[in-house]
Amino acid sequence: MDFSYSEVQQMLQSQVQKFVRERYDFETRNALVASEKGYSEEFWKLFAELGWLAVPFTEEEGGLGGSAIDLMVMMEEFGKANLVEPYTANAVLAGTAVAQLAEGPGKQDLVNSIMAGERQLALAYLEPQSRYNPFNVETLAVAEGDIVKINGSKTGVLGGAVADQFIVIAREFGETRDRNGLSAFLVDAEAEGVIRRNYPTVDGKRAAELEFANLRIATNARLGIAGEAATGLQLAVDKATVSACAEAVGALEVLLQKTVEYTKTRKQFGTAIATFQALQHRMADMFIECQLARSIVIMAAMALDSQEGEKEKTRAVSAAKSRLGKAIKVIGQEAIQIHGGIGMTNELDVGHLFKRVTALDLQFGDGEYHTERYASL
């Protein structure tokens with residue numbers, strides 16, 4: 001089996017590398033984190049012009065193919081730069097939800113606005129009691145004629161702090177943990193009845209908590225068929241999970257590289273600590289974890305691109321996220337320990353990368369959750 005990148009994938013990788021090298025250094029990232037929006041609107045428009053926002057969408061939707069492998073190639077490079085732009089939250093998570101759930105001309109309008117960088121969407125699906133389970137939903141949607149009334153709350157809404165609109169997952173019928181009965185609704189962020197509390201996350205990004213207090217929207221704000229959003233929601237979360245895994249692989253590679261470089265310059269007892277056999281063994285273990293992580297993410301991306309059933313795809317995604325959880329703990333913690341106290345200072349990017357991979361470990365379900373999910377399928 002040929003695992004080499006295609007010409008298009010190599011070009012995509014080269015584009016991102018050039019952008020990071022020329023315009024996205026550590027100081028630029030820190031300035032964006034401290035800015036009002038937390039990301040660069042100028043860079044976001046550039047992403048649209050370069051076609052990067054079209055990568056998660058199929059050619060029929062006007063995108064570049066919707067290949068998970070293409071997405072993996074790009075996200076790995078984003079991970080190396082520790083990008084703060086809400087790419088996964090908007091183009092991947094919310095974008096895939098729109099592509100899977102929306103119907104009619106409204107769907108294409110939404111997809112086009114995402115690819116053009118004109119609209120920030122966020123998928124609001126997790127709740128305080130969900131514990132990573134996207135189908136554990138208590139938020140209720142009650143249809144009354146041409147109006148739907150929504151009451152409930154959402155937590156950890158990625159990209160929610162800058163979203164113009166939310167895709168809200170609410171239950172129209174069934175019990176709290178039922179797969180059936182879930183619907184998706186397009187809700188304006190400033191609509192009456194929406195209470196949004198924005199907050200910064202530990203890794204320098206932004207998220208939001210949402211409350212819906214007798215929110216009233218038209219029934220045509222529903223995306224797709226009432227009560228049948230589960231399959232599209234699952235695919236959106238799985239694709240975003242692979243995206244997060246690929247980003248983590250890129251960040252872990254940089255942590256390994258910078259740790260090796262540091263040991264060549266840091267001296268103890270008059271000699272570089274890179275010559276210490278114990279540290280060499282630890283860095284060799286870090287290298288092995290990196291390679292295992294990349295391999296299993298490739299497997300998960302290939303599974304999503306295949307014609308396999310939903311169960312097989314979900315198992316592959318959970319296998320990757322479970323394995324990544326182990327790699328993140330080994331590589332991230334070793335990088336900090338070998339660097340010592342300087343590794344956790346704001347002046348060194350190692351600490352910021354560690355925070356990012358730690359957050360990625362928890363996003364879309366930690367290793368324990370995905371190990372259990374894999375075993376249950």
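From which domains does the lining of the second largest pocket draw at least three residues each? Keep that in mind while loading the model, which is a predicted one; the tour reaches this pocket at its second stop.

**First stop: helix H5 and the largest pocket**

Select residues 87–101, which form helix H5. At 1.5 Å a residue its 15 residues should span 21 Å, and the 20 Å between its end C-alpha atoms agrees with that expectation. Follow the axis to Gly-95, on which a kink of about 30 degrees is centred. With the surroundings displayed, H5 can be seen to be largely enclosed by the rest of the structure, because 14 of its 15 residues are buried.

Now show the largest pocket, whose volume is about 710 Å³. To place its centre, select Gly-156, Leu-158, Thr-201, Ala-207 and Gln-363, which are the closest to that point among the 37 residues of the lining. At least two lining residues come from each of H5, strand E3 (147–158), strand E7 (206–218) and helix H10 (349–362). Coloured by class, the lining shows 20 nonpolar residues, together with 9 polar and 8 charged ones.

**Second stop: the second largest pocket**

Move next to the second largest pocket, with a volume of about 310 Å³. Here the residues to select are Lys-80, Ala-81, Val-254, Lys-258 and Asp-349, the closest to the centre of the 15 that line it. Two or more lining residues are given by each of helix H1 (7–23), helix H2 (26–34), helix H4 (68–81), helix H7 (230–265) and H10, and the largest share, 4 residues, is that of H7. The classes here are 6 nonpolar, 2 polar and 7 charged. Colouring by domain answers the opening question: domain 1 (7–115) and domain 3 (231–376) each supply at least three residues of this lining.

**Third stop: the enclosed spaces**

The structure also holds 2 cavities of 30 Å³ or more. For the largest, with about 60 Å³ of space, select Tyr-132, Pro-134, Val-237, Phe-364 and Tyr-369, which lie nearest its centre among 13 lining residues. H7 and helix H11 (367–376) are the elements that give two or more residues to this lining, and H7, with 4 residues, has the largest share. By class the lining divides into 7 nonpolar, 4 polar and 2 charged residues. Since domain 2 (121–228) and domain 3 (231–376) both contribute lining residues, the largest cavity lies between these two domains.

The second largest cavity holds about 50 Å³ of space, and its lining can be selected in full as Met-75, Phe-78, Leu-83, Glu-85, Tyr-87, Thr-88, Lys-205, Glu-247 and Arg-356. Two or more of these residues come from each of H4 and H5, and by class the lining comprises 4 nonpolar, 1 polar and 4 charged residues.

**Last stop: two loop residues**

Select Arg-131, in the loop between strand E1 (121–124) and strand E2 (140–144), where phi is near 50 degrees, a positive value in a residue other than glycine. Arg-131 counts as exposed, because its relative accessibility is 56% and the cut-off for exposure is over 50%.

Finish at Phe-269, found in the loop between strand E9 (267–268) and strand E10 (271–272). Its phi is likewise positive, near 55 degrees, in a residue other than glycine, and Phe-269 is exposed, with a relative accessible area of 80%.

Key
Residues are numbered from 1 along each chain as its sequence is written. This is a predicted model: local features need pLDDT of at least 70, side-chain atom pairs count only at pLDDT 80 or more; totals for chains, interfaces and linings use all residues. Side-chain values use heavy atoms; hydrogens and water are left out. The expected span of a helix is 1.5 Å times one less than its number of residues. The bend at a residue is the angle between axes fitted to the seven residues ending there and the seven starting there. Buried means under 20% relative accessible area, exposed over 50%, partly exposed in between (1.4 Å probe, protein chains only). On a 1 Å grid over the protein atoms alone, a cavity is a set of points where a 1.4 Å probe fits but cannot get out, and a pocket is an open set with protein on both sides within 12 Å along at least five of seven lines; lining residues have an atom within 4 Å of a point. Grid points are joined across faces, edges and corners, and a volume is the space filled by probe spheres set on the points. Ala, Val, Leu, Ile, Met, Phe, Trp, Tyr, Cys and Pro count as nonpolar, Asp, Glu, Lys and Arg as charged, and the others, Gly among them, as polar. Domain bounds come from an automatic or database domain assignment.
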